[in-house]
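Colleague: Could we go through this model together, starting with its sheets and ending with the way its parts meet?

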Protein chains: 2
Amino acid sequence: MDYAAGSPLDKRVLKEMIPYFAEQFGNPSSPHSFGQMAKNAIEVSRSRIADSINAKDSDDLVFTSGGTESNNLAIRGITTRHKEKGNHIITSAIEHMSVINTCKSLMRQGFEVTFLPVDNHGFVKIEELENSITKKTILITIMYANGEIGTIQPAEEIGKVAQENEIFFHVDAIASAGKIQIDVSENFIDLLSISSNDIYGPKGVGALYINKEARIQPIIYGGGQEKGLRSGSENVPSIVGMGKAMEIAKAELKEEGARLTKFRDKLIDGVTSTIKRTYLNGHPKKRLPNNANIGFDYIEGESLILSLDAIGVQVSSGSACTSKTLEPSHVLRAIGLPHEKAHGSLLFTLGRFSKENDIEIVLSKLPNIVKRLRSMSPLTPKEIPEGVK
Amino acid sequence: MDYAAGSPLDKRVLKEMIPYFAEQFGNPSSPHSFGQMAKNAIEVSRSRIADSINAKDSDDLVFTSGGTESNNLAIRGITTRHKEKGNHIITSAIEHMSVINTCKSLMRQGFEVTFLPVDNHGFVKIEELENSITKKTILITIMYANGEIGTIQPAEEIGKVAQENEIFFHVDAIASAGKIQIDVSENFIDLLSISSNDIYGPKGVGALYINKEARIQPIIYGGGQEKGLRSGSENVPSIVGMGKAMEIAKAELKEEGARLTKFRDKLIDGVTSTIKRTYLNGHPKKRLPNNANIGFDYIEGESLILSLDAIGVQVSSGSACTSKTLEPSHVLRAIGLPHEKAHGSLLFTLGRFSKENDIEIVLSKLPNIVKRLRSMSPLTPKEIPEGVK
């Protein structure tokens with residue numbers, strides 16, 4: 001139940017990729033037949049992805065090496081290209097580290113960044129967004145949904161504010177693409193980042209949607225591939241895989257969303273009703289169908305992770321990307337959790353291969369694990385030595 | 001015979017990658033068992049690559065999304081990090097576009113760049129290199145061997161000059177890694193770029209060697225993977241594949257080098273002795289074992305490529321990365337070829353799956369193809385209507 005950290009490649013996707021590894025290995029820039037087959041395969045993939053986010057023109061998509069690069073390219077690309085128009089960026093306190101750290105690196109180059117606070121559910125407040133706009137604001141970058149607490153932002157309202165104020169709008173849709181419907185045309189989105197691995201495609205490939213009016217500067221220079229916006233020989237098998245993965249995700253989105261929502265709610269309701277002093281992080285309804293983030297008082301998330309791992313259940317304490325630092329998740333801190341509550345939160349992310357039985361195993365085993373850990377924990381107060389209803 | 005544009009994945013490499021697609025798909029940053037298996041696999045790969053270039057510490061290697069990114073990261077990373085020490089970069093006129101265009105983008109940010117000319121064989125002259133050094137020179141970036149004309153630079157002499165003048169030395173070894181022995185310790189190399197696809201590994205992954213004394217600034221920010229130098233979830237299957245590819249290349253380097261050198265020379269001697277007004281580009285001996293770049297007077301390379309493609313032989317007119325522009329190769333222009341001669345040059349790159357019979361097919365078919373094209377070409381002078389001995 002740690003799909004957010006890394007998803008298996010769907011076998012249907014791998015099957016589509018295999019011929020491009022060793023048989024159709026041409027370089028799309030080569031004029032000969034091998035090269036042209038590779039080029040065609042890339043364009044099919046580009047169309048499939050454009051289609052899934054309702055982009056009118058597949059030419060508006062650029063392939064990158066993954067979600068992190070897409071976020072970097074979007075934010076650095078648009079701000080450095082348009083810096084004469086202003087040097088102010090608005091983002092939120094709960095963005096992915098690839099957004100936050102790109103913004104921070106731009107601050108060292110003279111940009112000003114507003115990190116909007118969020119409410120207890122993790123929502124950006126539209127009024128605060130409007131109040132933070134200055135004459136120098138050139139970019140609003142706010143995620144579609146948060147991968148840690150599941151909360152889905154009001155992208156349409158944010159897009160409207162950006163549109164009315166003639167500010168570019170970038171959306172990090174890495175955690176939400178393929179899970180909920182995304183529409184770049186409806187929401188005034190200028191730039192949108194997606195990643196392949198989060199939709200059961202291969203790792204090491206992603207895409208950035210760039211609408212025609214938003215022009216960006218590249219961050220990687222070379223042979224001028226991807227209309228000069230992303231140089232480097234195209235990673236054909238992975239691009240093909242990402243296109244197939246997106247096609248499958250789109251076709252199965254409704255049914256799979258309903259299935260996972262049912263499992264998610266069974267997990268959340270089961271844990272919070274059985275185990276005392278537990279609570280859901282993020283909004284109960286406006287959340288990703290696959291995401292359950294649950295806080296457990298008096299326990300370190302790390303001990304819970306290792307205890308669950310021992311019975312074959314993988315979960316996370318937050319974003320895998322930041323797990324190396326011992327700091328608690330910046331997202332949980334931003335929704336108001338104190339340090340120790342943030343440390344005691346577990347992130348369950350369900351996925352395509354999750355079964356109802358997986359939920360039942362967790363629900364049957366977790367109470368005793370929590371009981372044991374709480375009985376050993378110095379954080380547990382004497383008045384509830386059991387810790388379990 | 002277009003291995004330089006894109007190489008097939010070796011089946012032994014694919015076999016090693018497969019488990020990491022769908023079974024061992026953990027995120028190396030996750031503390032649970034799935035994550036730790038992925039982390040271990042990455043470290044095995046890192047050691048294999050360090051070993052193959054004689055790097056003393058595998059920690060000195062950072063994985064990237066490919067050769068182009070490695071070159072960008074090396075050049076931008078070292079110069080922006082050390083810009084207070086100087087703003088002058090020395091490179092050559094025959095570097096890959098990922099080096100040339102990164103240098104040009106740095107010029108727009110206030111750096112000064114010397115593009116050293118090369119002689120008719122494509123060698124950088126050490127005396128000119130020394131003369132171009134100023135007090136502000138912080139980086140010399142010169143390739144190990146040129147992928148288009150095959151010429152192998154005197155890396156050791158260049159490294160000595162860099163060392164004596166306390167200038168960082170970056171080497172683009174993308175075209176040469178796995179083909180000729182590379183030793184970062186012997187040649188005073190601070191930074192060295194390699195790519196996976198050029199050694200029969202997967203596309204979309206590369207590595208940068210960074211010796212401990214050279215500190216660089218990242219170009220992609222996020223979760224702090226790869227010691228903060230390259231954020232983004234690690235592309236585990238591809239990293240595993242690159243390690244295996246490097247291991248195989250190292251084990252087979254001597255034997256394979258001798259085999260390809262024999263084929264290469266058979267091809268060069270066969271073509272230049274059978275067809276009039278043809279000549280070898282690059283040095284006849286100090287060249288990559290797999291590279292034959294041959295000029296054909298009175299013909300457009302493009303027509304030759306398509307005619308050969310029709311009989312199942314893929315070749316190139318230069319670097320695939322720049323084939324979209326109709327400009328002749330900057331490498332061929334730099335070794336002194338006039339516009340029309342550069343346009344009439346063909347790049348044959350041999351590889352692991354090349355057979356002696358492939359050479360024989362080219363030698364038997366090419367004379368008639370050239371004859372036919374020359375008979376139609378407006379460039380052909382009347383005095384040699386045949387064009388073939």
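Colleague: What is the strand order in the open sheet of three strands in chain A?

Modeller: This is a predicted model, in which local features need pLDDT of at least 70 and side-chain atom pairs count only at pLDDT 80 or more, while totals for chains, interfaces and linings use all residues. Residues are numbered from 1 along each chain as its sequence is written, and chains are lettered from A and ligands numbered from 1 in the order in which they are written. With strands taken as DSSP runs (E, at least two residues; helices are H or I, at least four), numbered from the N terminus, and with pairing requiring at least two DSSP bridges between two strands, the pairing in this sheet is antiparallel and the order is β8-β9-β10 of chain A.

Colleague: Why is one side of β8 and of β10 of chain A left without a neighbour in the sheet?

Modeller: β8 (278-281) and β10 (345-349) of chain A stand at the edges, so each has a single partner strand. For β10(A), the antiparallel link to β9 (291-296) of chain A is made by five bridges, and within it Asn293(A) faces a residue of β10(A), namely Leu347(A).

Colleague: Which helix packs on that sheet, touching β8, β9 and β10 of chain A?

Modeller: Contact here requires C-beta atoms, placed from the backbone, to lie within 7 Å, and directions come from lines fitted to C-alpha atoms, for helices over the stretch in contact, with angles from 0 to 180 degrees between N-to-C directions. The helix in question makes about 10° with the direction of β9(A), and it is α7(A).

Colleague: Which are the edge strands of the open sheet of seven strands in chain A?

Modeller: That sheet has mixed pairing and follows the order β1-β7-β6-β5-β4-β2-β3 in chain A. Within it, β2 (88-92) and β4 (137-141) of chain A pair in the parallel sense over four bridges, with Thr91(A) opposite Thr141(A). The strands that pair on one side only are β1 (61-64) and β3 (112-116) of chain A.

Colleague: At about what angle does α3(A) run to β6(A)?

Modeller: The helix α3(A) lies across β1, β2, β4, β5, β6 and β7 of chain A. Its direction relative to β6(A) is given by an angle of about 165°.

Colleague: How far apart do the C-alpha centres of the two domains of chain A lie?

Modeller: The bounds, which come from an automatic or database domain assignment, are 11-249 for domain 1 and 253-376 for domain 2 of chain A. Between them, 24 residues of domain 1 are in contact with 23 residues of domain 2. The separation of their C-alpha centres is 28 Å.

Colleague: What kind of axis relates chain A to chain B?

Modeller: Superposed by least squares on C-alpha atoms of residues with pLDDT of at least 70 in both copies, chain A falls on chain B after a rotation of 180° with 0.0 Å of shift along the axis, at RMSD 0.0 Å. That is therefore the relation of a two-fold axis.

Colleague: Which residue of chain A comes closest to the rotation axis?

Modeller: The contact between the chains takes 56 residues from chain A and 56 residues from chain B, and 100% of the contact residues of chain A recur in chain B. Judged by its C-alpha atom, the residue that comes closest to the axis, at 3.0 Å, is Ser65(A).

Colleague: What is the mean pLDDT of chain A?

Modeller: The model scores ipTM 0.93 and pTM 0.93. For pLDDT, the predictor's confidence in each residue from 0 to 100, 96% of the residues of chain A reach 70 or more, and the mean is 92.

How values were computed: Two residues are in contact if their C-beta atoms, placed from the backbone, lie within 7 Å.
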